[in-house]
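Reader: I've got the model open and a few questions about its strands, its pockets and its metal site. Mind taking them one by one?

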Amino acid sequence: MTSRPYFQRSAQLFETLSSEDVATALLNISKASYSKVSDERIKTLMKHIKVVGEHVMGSTHSRSTLRTKIHSLCFNLGLPSLFVIINPVDIHSLVTLYFAGVDLDLDRFLPEVLCTIYGRAQIIATQPVATAKIFNCLIKSILKCLVCGGVLGPTKASFGTVGSQGRGSLDLHLLIWLKHEYTPAQLKENIQNQDFRDNLLKYLEDVVKEDLDVFRDETNDGTNTASDIRVSIQETDPITYEVVPACLSTPNPASDDYHRIFCKDVVRLVETSNIHKHSTTCYKYSKGKSDTSKTCRMRMPRVLVKTSNLDLSTGQITMRQSHPWINNFNE
Ligand SMILES: [Zn+2]
């Protein structure tokens with residue numbers, strides 16, 4: 001990492017630098033940009049720190065190198081088609097708890113093993129390696145099945161970076177270049193055609209869900225509503241176990257009544273975990289504004305829209321929405 005041939009030559013140059021020189025340069029950099037530094041020795045030193053820093057995972061320089069690679073991909077392939085953030089909620093994941101050493105049967109759900117949300121968060125926080133391993137395993141599976149596996153259709157490239165969030169767990173920011181024949185200009189031209197427009201909206205409505213109407217229709221069979229399942233667990237177990245539906249195992253596709261159970265599961269998950277409640281992060285870009293002029297950066301509550309539509313002149317797509325507080329989700 002530090003074996004570049006010119007490093008030896010520069011060492012002599014750095015020996016002539018005093019701590020005052022560095023302090024002056026730092027002061028200038030804090031006031032203006034790095035390009036304002038006039039001392040050639042400092043410039044060389046900064047260049048070398050950058051060269052070394054590129055190899056240090058998580059450093060500013062390594063991140064800047066990743067950005068350069070993304071720019072290169074954009075020059076080569078055009079703009080990416082999808083920007084995806086994968087943010088697994090590890091504190092509700094049975095598999096993550098299992099990796100973190102909790103003795104549980106993944107096929108048999110026992111609420112008492114799960115303890116409280118706080119307890120689960122504690123277990124996860126004390127086992128960062130286990131959490132990172134399961135994250136890696138999960139992301140690899142998603143990339144294998146969704147990106148390379150063709151669920152999104154053929155792709156030209158993808159580029160993802162892993163970061164850690166404020167709460168300590170990992171997330172992935174992923175750019176995907178889809179291999180389809182439409183450029184943005186072609187899309188704008190094609191939406192003038194009624195059939196194309198209808199199909200595009202149908203496709204988007206199939207992928208992006210903004211409310212629970214279709215799922216409620218499917219589960220409306222006169223029996224328990226989806227949220228009853230949660231209630232019944234709490235009734236049999238009145239102590240402090242908070243069973244979040246995300247902790248429950250996913251429905252088995254082999255079961256006869258799979259479609260109805262699946263819809264019920266979606267309703268249950270969305271009702272408990274996907275309905276927006278304002279928090280301080282909603283207003284993190286509204287600092288210094290008065291309470292009345294602050295706006296939620298998630299644009300909640302959403303404006304209700306009866307039917308999805310597409311503005312022919314601007315190309316703007318507005319999706320159907322019958323619930324003002326639901327975060328859009330994929331089925
Ligand atoms: Zn909000």
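Reader: Which residue in S3 stands opposite Val 162?
Author: Strands S2 (residues 155-164) and S3 (residues 170-178) run antiparallel and are joined by 9 bridges; two strands pair if DSSP finds at least two bridges between them. Helices (H or I, at least four residues) and strands (E, at least two) are DSSP runs, numbered from the N terminus. Follow the bridges to Val 162, and what you find opposite in S3 is Leu 172.

Reader: Before I zoom in, what pLDDT do local features need here?
Author: Numbering starts from 1 along each chain as its sequence is written, and side-chain values use heavy atoms, with hydrogens and water left out. This is a predicted model, so to speak filtered: totals for chains, interfaces and linings use all residues, side-chain atom pairs count only at pLDDT 80 or more, and local features need pLDDT of at least 70.

Reader: Which residue takes a positive phi in the hairpin of S2 and S3?
Author: That hairpin has 5 residues between the strands. The positive phi there is near 100 degrees, and the residue that takes it is Gly 168.

Reader: And what is the bridge partner of Ile 86 in S3?
Author: S3 also pairs with strand S1 (residues 82-86), again antiparallel, through 5 bridges. You've met the partner of Ile 86 already, since Val 162 stands opposite that residue too: on the S1 side, Ile 86 has as its partner Leu 172.

Reader: How many of the 9 residues of S3 are buried?
Author: Buried means under 20% relative accessible area, exposed over 50%, and partly exposed in between (1.4 Å probe, protein chains only). Asp 171 is in S3, and its 9% relative accessible area makes Asp 171 buried. S3 is largely enclosed by the rest of the structure, because the count of buried residues is 7.

Reader: How far apart in space are Asp 171 and Ile 85, C-alpha to C-alpha?
Author: In sequence, 86 residues separate Asp 171 from Ile 85. These two belong to S3 and S1. In space, C-alpha to C-alpha, the pair is apart by 7.1 Å.

Reader: Which elements give two or more residues to the lining of the second largest pocket?
Author: A pocket here is an open set of points on a 1 Å grid over the protein atoms alone, where a 1.4 Å probe fits, with protein on both sides within 12 Å along at least five of seven lines; lining residues have an atom within 4 Å of a point. This one holds about 590 Å³ (the space filled by probe spheres set on the points, which are joined across faces, edges and corners). Of its 16 lining residues, those closest to the centre are Arg 63, Leu 66, Thr 161, Val 162 and Gly 163. The elements you're after are helix H4 (60-77), S2 and S3.

Reader: What is the geometry of the site of the zinc ion?
Author: The protein donors (N, O and S atoms within 2.8 Å of the metal, or 3.2 Å for Na, K and Ca; water is not among the atoms, so sites may look incomplete) are His 276 (NE2), His 278 (ND1), Cys 282 (SG) and Cys 296 (SG), at 2.1 to 2.3 Å. Four donors count as tetrahedral if all angles lie between 85 and 135 degrees. The angles among these 4 donor atoms are 100 to 120 degrees, and the site is tetrahedral.

Reader: Is Cys 282 buried or exposed?
Author: For contrast, take His 278, which counts as partly exposed because its relative accessibility is 37%. Cys 282 has a relative accessibility of 1%, so it counts as buried.

Reader: Which peptide bond is cis, with omega near -5 degrees?
Author: Look in the loop between helix H13 (258-273) and strand S5 (309-310), where Pro 301 has its place. Arg 299 sits in that loop, with a positive phi near 55 degrees. The cis peptide bond runs from Met 300 to Pro 301.

Methods:
Tetrahedral: all angles 85-135°; square planar, octahedral: opposite > 155°, others 65-115°.
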